[in-house]
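Hello,

Here is the structure I promised to pass on. Please have a look at it first; my notes follow below.

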Amino acid sequence: MAVSHEDILDAVSNMTIMEIVDLISAMEEKFGVTAAVAAVAAPAAAAAVVEEQTEFDIIMTGFGDNKVAVIKAVRGITGLGLKEAKDAVEGVPTTLKEGVSKAEADDFKKQLEEAGATVEIK
């Protein structure tokens, strides 16, 4: 008569940690395997699956010689009022937008750089 997976799981769930450790050691000896290999392989496989970044932050690191043009660009991008945009420009480094798409980030960077600012996308 075969033992079902459910019976095995029920038996293991009623064991103490030390009994489970002893069971794993006995399984390693009987079948000639090592649980450590499986544990090491899993993080390596997880590291291989790297998610592509989909959200970017626009950080202005400098405003250059034409501060007025940069303030106008910041206002257009962020929708801030004149005083808030001026404070943002003068307070570099400043995060102007967070969580935007790659296309938006590139567009905003282009606008700011044309106005004379230096920009980082992270």
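**Salt bridges**

The count of salt bridges comes to six. Keep in mind that this is a predicted model. Here are some of the pairs, taken helix by helix.

Start in helix 5, which covers residues 82-90. K83 and D87 join their side chains in a salt bridge, at 3.1 Å from N to O. Both residues lie in helix 5, four residues apart, about one turn of the helix. How open are the two partners? K83 is exposed, with a relative accessible area of 57%. D87 is partly exposed, at 41%.

Helix 5 also holds the pair K86 and E90. Their closest N and O atoms are 3.1 Å apart, and they form a salt bridge. Again the spacing is four residues, or about one helical turn. K86 is partly exposed, with a relative accessible area of 37%. E90 counts as partly exposed, also with 37% relative accessibility. This pair is part of something wider: K67, K86 and E90 are linked in a network of salt bridges.

Now move to helix 6, residues 102-115. K102 and D106 meet there in a salt bridge, 3.6 Å from N to O. They are four residues apart in helix 6, separated by about one helical turn. K102 is partly exposed, with a relative accessible area of 42%. D106 is partly exposed too, at 37%.

**Helix packing**

Which helices pack at an angle of about 120°? They are helix 4 (residues 67-78) and helix 5 (residues 82-90), with their axes 9 Å apart. Their crossing is right-handed. Helix 4 makes the contact with K67, V70, I71, V74 and R75, and helix 5 with L82, A85, K86, V89 and E90. Note the overlap with the salt-bridge network: K67, K86 and E90 belong to that network, and these residues are also among those making the helix contact.

**A nonpolar patch**

One more item, on the surface. L23, M27, F31 and V33 make a nonpolar patch of about 370 Å². L23 sits in helix 2, which spans residues 17-31. Is L23 buried or exposed, or partly exposed? L23 is partly exposed, because its relative accessible area is 31%, and partly exposed is the class between under 20% and over 50%.

That is what I have for now. Over to you.

Best wishes

Definitions and conventions: Residues are numbered from 1 along each chain as its sequence is written. This is a predicted model: local features need pLDDT of at least 70, side-chain atom pairs count only at pLDDT 80 or more; totals for chains, interfaces and linings use all residues. Side-chain values use heavy atoms; hydrogens and water are left out. Patches are made of residues with over 30% relative accessible area and no salt bridge: like charges are joined within 9 Å, nonpolar side chains (Val, Leu, Ile, Met, Phe, Trp, Tyr) within 5 Å. Accessible areas come from the Shrake-Rupley method with a 1.4 Å probe; for residues, only the protein chains shown count as cover. A salt bridge is a side-chain nitrogen of Lys or Arg within 4 Å of a carboxyl oxygen of Asp or Glu. Helices (H or I, at least four residues) and strands (E, at least two) are DSSP runs, numbered from the N terminus. Buried means under 20% relative accessible area, exposed over 50%, partly exposed in between (1.4 Å probe, protein chains only). Axes are lines fitted to C-alpha atoms, for helices over the stretch in contact, and angles run from 0 to 180 degrees between N-to-C directions. A crossing is left-handed if the near helix is turned anticlockwise from the far one by less than a right angle, and right-handed if clockwise. Contact means heavy atoms within 4.5 Å.
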